[in-house]
Amino acid sequence: MRDFFSDTKTIPTRAMREAILDAPVGDEQKDEDPTTRALCERVAALLGKEAAILLPTGTLCNEIAVNVQTNPGDEVICEESCHLINFETGGPAAISGVMIRTIAGENGIFEPDQLRAAIRPASRYAPKSALLCVEQTANMGGGTIWPLEKLNAVAEIAHSAGLATHMDGARLLNASAATGISPADYAAGFDTVWIDFSKALGTPMGGVLAGSAEFIQEAWRAKQQMGGAMRQSGILAAMCLYGLDHHVDRLSEDHRLAKYLADQIRALPQVAHMQPVETNIIIFDLDDSAPLAADIVAGMKADGVLIGAFGPRRIRIVTHLDVDMPAGEDLLVALKKQL
Ligand SMILES: *Cc1c(COP(=O)(O)O)cnc(C)c1O
């Protein structure tokens, strides 16, 4: 199978699995796992924060960041296509009792003025605007990159109105690979930020959430409460460290392949619209003359190529560690056959 459905589909390499063998481990809940500690220190430094915590998933990074930085009844502001709203089964409501106020951005990114309008003035009646969340890169926006100035502007607006700021950095390293701007610079205006290891970095699971030492202490309580505290998690941390050492420098290859595929696909007559392709995600809409996306996906699967239907006529393709140029050529042949 040529699997372009998601960068979550990466299979841990043999070398990544071997990295586990000699990793020193201990009881993580007691902070006795040296490999986990090394990973957290490394990610905290990478993201320019005081401390960090390893969690099984990126979803738990988001949920804990919301939980620690809000009170029930508070409002969280984020863009309407974001993961926190659409793919976490209502976690912010169920776990933290918060309301969400959405902003309709363009390709997952909104303007400082839209944020100003969304923040509520202090009132005895209204919910309290407590937390701003942004996604770097914006997944459903098509892997679009928040420009640094805009990130700094929205963080500044949020902070001066008394909100905390959180960055879902599942693909932050993709943004840095594309622009050369460091992850720490992108995260500078944000109180909390995390990166995902199970996407482009190729581990089977794992996210590391970073923030102030005080925040991380509270995050530990939430992690224990939600059942996310582990034991010999150095097994996972060793794979994450391997991913940092070996799978970051190659991210630009994923971006090159995505741009190549995007150029080919954009030229097809049935493609009505394509979101800007800045990193490793391609999202496009087909016109009415094309078959339904679900049928195209099924037809291509029979030819050994997996892609995603994200709407009746919307398709998403993601490049990553396990797909290369020959796989991309197979994708183009299989896609054209369906159109
Ligand atoms: C994948 C993803 C998550 C969740 O990460 P998991 O490790 O799959 O739980 C959160 N936010 C964004 C933008 C994602 O793409």
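Which element gives the most to the shell around the ligand? In this predicted model, that element is α3, which contributes three residues. Helix α3 spans residues 58-68, and along with strand β7 (192-196) it belongs to the elements that each supply at least two residues of the shell.

Let's stay with the ligand for a moment. It is surrounded by 14 residues, and the closest are G58, T59, D168, R171 and K199. By character, the shell divides into seven polar, five charged and two nonpolar residues. Several of the closest residues also make polar contacts. The side chain of D168 places a polar atom 2.5 Å from a nitrogen atom of the ligand. On the oxygen side, a polar side-chain atom of T59 lies 2.7 Å from an oxygen atom of the ligand, while an N or O atom in the side chain of K199 is 2.8 Å from a ligand oxygen. Taken on its own, the ligand has 380 Å² of accessible area, and the protein covers 88% of it.

Now move along the chain to a sheet. Here four strands form an open sheet in the order β9-β10-β13-β12, with antiparallel pairing. Its edges are β9 (271-274) and β12 (308-309), each of which pairs on one side only. Further in, β10 (residues 281-286) pairs with β13 (residues 314-318) in the antiparallel sense over five bridges. If you want a spot to look at, try I283, whose bridge partner in β13 is R316.

To finish, look at what lies across this sheet. Helix α12, covering residues 251-266, lies across β9, β10 and β13, and runs at about 145° to β9.

Conventions
Residues numbered from 1 in each chain as written. Predicted model: local features only at pLDDT ≥ 70, side-chain atom pairs only at ≥ 80, totals over all residues. Heavy atoms only, no water. Pairing = 2+ DSSP bridges. Contact = heavy atoms within 4.5 Å. Axes fitted to C-alpha atoms, helices over the stretch in contact; angles between N-to-C directions. Near = heavy atom within 4 Å. Polar contact = N/O pair within 3.5 Å; in protein donor to acceptor, adjacent residues only side chain to side chain. Areas by Shrake-Rupley, 256 points an atom, 1.4 Å probe, with all protein chains shown as cover. Nonpolar A, V, L, I, M, F, W, Y, C, P; charged D, E, K, R; others polar.
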